[in-house]
Amino acid sequence: DDGKLSFDEFKAYFADGVLSGEELHDLFHTIDTHNTDNLDTEELCDYFSKHLGEYENVLSVLEDLNITILKAMDKTKKDYQEASNLEQFVTRFLLKETLNQLQSLQSSLECAMETTEERTRQERKDPTNPEVLSIQWPGKRSARRLQKNNSLSSNNPHSSTGWTEEDTQWMTQINRLQKLIDRLEKKDLKLEPFEEEVLEENARSHITIVQNQMCVIEEKMEEFRLALKQYMECASTLGGCLHISIQKLPSSFRFIVYEFWENSSAWNSHLQMNYSKTFQRSNVDFLKTPELITTMLVPGKYHFFTLF
């Protein structure tokens, strides 16, 4: 938030699993024309502007699309409650169709990225693939989106679509839940008694936590990783998805996926989406045994255990 990037910040964001640390260091100093050992916005713009090519038009259209969508979201937010049932139905359809179109476009871009990265690795004869399961994809995206929206001024016409204080509280709860799960797995837990909670009349219902255990066929590992990454990217863009975390158990081919959904309805809707059905079908070929899915409900407002 100081308006510039140190090398560590640059490396954390731009490292793609293909360029080596030395190559990233050389690139950093190539961009750093001011020789300050930090990159500012002007230097980044100057460097990438020289290499935009056809993507200059793409990024320009995306900027226009972003503004158009934000305007549509503002109007939807203002008009939806007073609309008739039929008008609300049409609005929901249009939102769903817009999302499907954007997800289709995103899938195409992801395939292009995977292809170019894989081709580069083969040319370099480097068998190491970038680790897609240290996985903080949704967290990183949420953090960048939160930072961007919070930076909007109060007089911005689109600021009403940004993150609210309530959204920030949700992120805090999600982080606490993640820590709780980590400690439960380590069996480093002590429960303290607490009083019953009386829910307010208009309180949120329950967060749905889903645990999915999958044992992957060794020969299908890379295909499974790509399918899991695409599933995760699509799910994390869905409105009711709060957080996704993935863990790979050491010395095995077993994965555990934790998904946090705003409520059970959001989870059930997610299961009906095309990307979810595609992932479920692909797992028939990728897994040694059927996936084991368990769910748990957590009150929207709840007390946390005291951990030691």
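Select K75 first: in this predicted model, K75 is exposed, at 54% relative accessibility. Add D79, which is partly exposed at 36%. The two form a salt bridge, with the closest N and O atoms 2.8 Å apart. Both belong to helix α4 (residues 55–79), where a spacing of four residues puts about one helical turn between them.

A search of the whole structure finds three salt bridges. For another, select E223 and K220, whose closest N and O atoms are 3.9 Å apart. E223 is partly exposed at 42% relative accessibility, and K220 is partly exposed at 28%.

Next, pick E222 and R225, a salt bridge with its closest N and O atoms at 4.0 Å. These residues sit three apart in helix α8, about one turn of the helix. E222 is partly exposed at 40% relative accessibility, whereas R225 is buried at 14%.

Stay with α8 and show the largest nonpolar core, which has 25 residues. Its members with the most contacts to other members are F224, L228, I244, I246, W261, Y275 and F279. Two or more residues each come from β3 (206–215), α8 (221–236), β4 (241–248), β5 (254–261), α9 (264–271) and α10 (274–286). The biggest contribution, eight residues, is from α8. A separate core of eight residues includes L242, I256, F260 and V298.

Finally, select D1, D2, D8 and E9, which make up a negatively charged surface patch. Of these, E9 lies in helix α1 (residues 7–14) and is partly exposed, with a relative accessible area of 38%.

Technical notes
Residues numbered from 1 in each chain as written. Predicted model: local features only at pLDDT ≥ 70, side-chain atom pairs only at ≥ 80, totals over all residues. Heavy atoms only, no water. Patch = residues over 30% accessible without salt bridge, like charges linked within 9 Å, V, L, I, M, F, W, Y side chains within 5 Å. Areas by Shrake-Rupley, 256 points an atom, 1.4 Å probe, with all protein chains shown as cover. Salt bridge = Lys/Arg side-chain N within 4 Å of Asp/Glu carboxyl O. Lys, Arg positive; Asp, Glu negative; His and termini not counted. Charge placed at Lys NZ, Arg CZ, Asp CG, Glu CD. Buried < 20%, exposed > 50% of the residue type's maximum accessible area, 1.4 Å probe, protein only. Core = buried A, V, L, I, M, F, W, Y, C linked by side-chain atoms within 4.5 Å.
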